[in-house]
Amino acid sequence: CISPLMFPNIVIILCGNKKDLDADREVTFLEASRFAQENELMFLETSALTGENVEEAFLKTARTILNKMESGELDPERMGSGIQYGDSSLRQLRQPRGSAAQIKQQCNC
C-alpha cells in the first residue's frame, strides 16, 4: 500500500464507487472515512452511474496538486517530483496568485 506517510508529497484520493447502490454496501461511509483519515487520504463517495462526485474527485485532486505547487511542496522543474508542466504557458502558475508580476502580465501594462 502506498502511503502519504512514506511519500509526503504524493496526492491520493480514495473513491468509494457505486454510491447509488446503498443497499449493497459492503463498507460503511464511516469505515471508509476513518480509513482515509488514518492513512491521510482524501475521500469521496462517487457514483459512475449518476455521475455524483465523479468530477469533484478530479477537481479535488487537481486543487490539492496546485496548492502543493504554489506552496513549493511540489516542484515541476525537479526531476522525480512526479509532475511536470505540459505547456510552457502554464509556467506562470509558479507565481503566487494575485502577485504584481501576474497582474501586470494579465493587463499587458
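**Figure 1. The right-handed β-α-β unit formed by E1, H1 and E2.** In this predicted model, strand E1, helix H1 (residues 29-38) and strand E2 together make a β-α-β unit of right-handed sense. The unit belongs to a chain with 3 helices and 2 strands, whose elements follow the order β-α-β-α-α from the N terminus.

**Figure 2. Parallel pairing of E1 and E2.** The two strands, E1 (13-16) and E2 (42-45), pair in the parallel sense, with 4 bridges between them. Leu14 is placed opposite Phe43 of E2, and Cys15 is placed opposite Leu44 of E2.

**Figure 3. The two covered faces of strand E2.** In a regular strand the side chains alternate between the two faces of the sheet. On one side of E2 lie Met42 and Leu44, and on the other lie Phe43 and Glu45. These four residues are all buried, and both faces of E2 are thus covered. Two of them also take part in the register with E1: Phe43 stands opposite Leu14, and Leu44 stands opposite Cys15.

**Figure 4. Ala36 of helix H1 and its surroundings.** Ala36 is a residue of H1 and counts as buried because its relative accessibility is 1%, below the 20% limit. Residues up to four places away in sequence being set aside, Ala36 touches Leu14, Leu41, Met42 and Phe43. Of these, Met42 and Phe43 are buried residues of E2, lying on opposite sides of the strand. The C-alpha atoms of Ala36 and Leu14 are 6.9 Å apart, although the two residues are separated by 22 positions along the chain.

**Figure 5. Ile12 in the segment before E1.** Ile12 is located in the segment that precedes E1. With a relative accessibility of 23%, Ile12 counts as partly exposed, whereas Ala36, at 1%, is buried. Between the C-alpha atoms of Ile12 and Ala36 there is a separation of 9.7 Å, the residues being 24 positions apart along the chain.

**Figure 6. Lys18 in the loop between E1 and H1.** Lys18 is found in the loop that connects E1 with H1. Most residues other than glycine have a negative phi, and most peptide bonds are trans. Lys18 has a positive phi, near 65 degrees, and is not a glycine. Its relative accessibility is 52%, so Lys18 counts as exposed.

**Figure 7. Asn53 in the loop between E2 and H2.** Asn53 lies in the loop linking E2 to H2. The phi of Asn53 is positive, near 65 degrees, in a residue other than glycine. With a relative accessible area of 26%, Asn53 is partly exposed.

**Figure 8. Helix H2 and its buried side.** Helix H2 comprises 18 residues (54-71), and the distance from its first C-alpha to its last is 26 Å, close to the 26 Å expected at 1.5 Å a residue. The buried residues of H2 are Ala57, Thr61, Lys68 and Met69. They lie on the same side of H2, because they cover an arc of only 105 degrees around the axis. An α-helix has 3.6 residues a turn, so residues three or four places apart point the same way. Strands E1 and E2 are among the elements that cover the buried residues of H2. After the helix comes Gly72, with a positive phi near 90 degrees.

**Figure 9. Lys60 of H2 and its contacts.** Lys60 lies in H2 and is partly exposed, with a relative accessible area of 26%. Neighbours within four places in sequence being left aside, Lys60 is in contact with Ile13, Met42, Phe43 and Leu44. The C-alpha atoms of Lys60 and Met42 are separated by 8.5 Å, the two residues being 18 apart along the chain.

**Figure 10. Burial, contacts and surface of the whole chain.** Of the 109 residues in the chain, 20% count as buried. Among contacts in the chain with a separation of 6 or more, 46% involve residues 24 or more positions apart. The accessible surface of the chain amounts to about 8100 Å², and carbon and sulfur atoms contribute 55% of this area.

Note on methods: Residues numbered from 1 in each chain as written. Predicted model: local features only at pLDDT ≥ 70, side-chain atom pairs only at ≥ 80, totals over all residues. Heavy atoms only, no water. Expected span 1.5 Å × (residues − 1). Buried < 20%, exposed > 50% of the residue type's maximum accessible area, 1.4 Å probe, protein only. Arc of directions from axis to C-beta. Contact = heavy atoms within 4.5 Å. Pairing = 2+ DSSP bridges. Right-handed = clockwise from strand over helix to strand, strands pointing away. Areas by Shrake-Rupley, 256 points an atom, 1.4 Å probe, with all protein chains shown as cover.
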